[in-house]
Amino acid sequence: SIRRLVGFYADLNLSYKDFLFLQGTLRHDSSSTLPLNNYSYFYPSISGSFVFSELLKNTGIGDFLSYGKLRSSFAQVGSDTNPYQLLTTYGSTTVNGSFGSTKFPFGNVSALQVGGVLGNATLKPEQTRSFEIGTELAFLQSRLSIDFSYYVNDSKNQILSIPIPNSTGYGFNTINAGEIQNKGIELSLRGTPIKTSNFSW
């Protein structure tokens with residue numbers, strides 16, 4: 001199978017006095033596995049973080065809070081599909097008989113068999129959007145730290161091969177279908193309750 005993918009990518013990173021950070025990316029892809037009116041797609045991302053503990057170093061709060069950061073990000077990702085999903089394809093075939101099986105092409109006799117998947121010339125690229133916000137906190141000279149995140153992922157236009165009645169002459173049809181969203185909270189705690197010159201836990 002033959003597949004061509006052409007992509008352009010841009011990346012930008014900015015920082016200010018080691019406590020404010022911004023990163024952005026932009027990508028544009030063109031894929032031969034998608035129809036001409038939907039063969040190209042953009043997907044950007046942007047993320048930022050604020051290390052607010054840098055502003056508290058010489059205060060009483062800084063003695064208790066070793067490290068503090070707020071972060072947030074948004075990203076959109078596009079995706080194409082496998083080659084030859086737009087049209088119904090033909091391939092080599094095998095004929096089974098009581099004398100055995102014969103695979104074509106056989107000698108000078110050529111034969112092809114229609115594939116079992118019905119093509120779809122109107123496919124769209126898959127798309128996934130994700131958003132996340134979180135914080136990282138460390139206390140008591142990093143003896144205790146907390147990492148918290150809240151995220152939402154949303155996927156749509158998924159490219160699926162769904163079963164269809166065999167009376168159509170095919171077993172599957174390739175379509176864009178479904179929208180899936182998952183979201184959640186992640187919380188992790190780390191600590192060093194015991195720390196001496198010879199032992200730490």
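**Exercises on a predicted model**

Tyr43 is buried, with a relative accessible area of 15%. The model is a predicted one.

**Exercise 1.** Decide whether Tyr41 is buried or exposed, and classify the aromatic pair formed by Tyr41 and Tyr43.

*Solution.* Step 1: the cut-off for buried is under 20% relative accessible area. Step 2: Tyr41 has a relative accessible area of 8% and is therefore buried. Step 3: a pair of aromatic rings is described by the distance of the centres and the angle of the planes. Step 4: the structure holds five aromatic pairs. In one of them, Tyr41 and Tyr43 lie 6.0 Å centre to centre, with 20 degrees between the planes. Step 5: planes under 30 degrees apart count as stacked, so the pair of Tyr41 and Tyr43 is stacked.

**Exercise 2.** Find which residues form one aromatic cluster.

*Solution.* The cluster consists of Tyr16, Phe19, Phe50 and Phe52.

**Exercise 3.** Describe the fold pattern of the chain and explain why the chain is more spread out than a compact globule.

*Solution.* Step 1: count the elements; the chain has one helix and twelve strands. Step 2: put them in sequence order, which gives β-β-β-α-β-β-β-β-β-β-β-β-β. Step 3: compare radii; the chain has a radius of gyration of 27 Å, well over the 17 Å that the globule rule gives for 201 residues, so it is more spread out than a compact globule. Step 4: add the dimensions; the C-alpha trace spans about 90 × 40 × 30 Å along its principal axes.

**Exercise 4.** State what share of the 201 residues counts as buried.

*Solution.* The buried share is 25%. The accessible surface of the chain is about 13,800 Å², and carbon and sulfur atoms account for 57% of that surface.

Note on methods. Residues numbered from 1 in each chain as written. Predicted model: local features only at pLDDT ≥ 70, side-chain atom pairs only at ≥ 80, totals over all residues. Heavy atoms only, no water. Helix = DSSP H or I, 4+ residues; strand = E, 2+ residues; numbered from the N terminus. Rg over C-alpha atoms; globule rule 2.2 N^0.38 Å. Buried < 20%, exposed > 50% of the residue type's maximum accessible area, 1.4 Å probe, protein only. Areas by Shrake-Rupley, 256 points an atom, 1.4 Å probe, with all protein chains shown as cover. Phe/Tyr/Trp six-rings, centres within 6.5 Å; stacked < 30°, edge-to-face > 60°.
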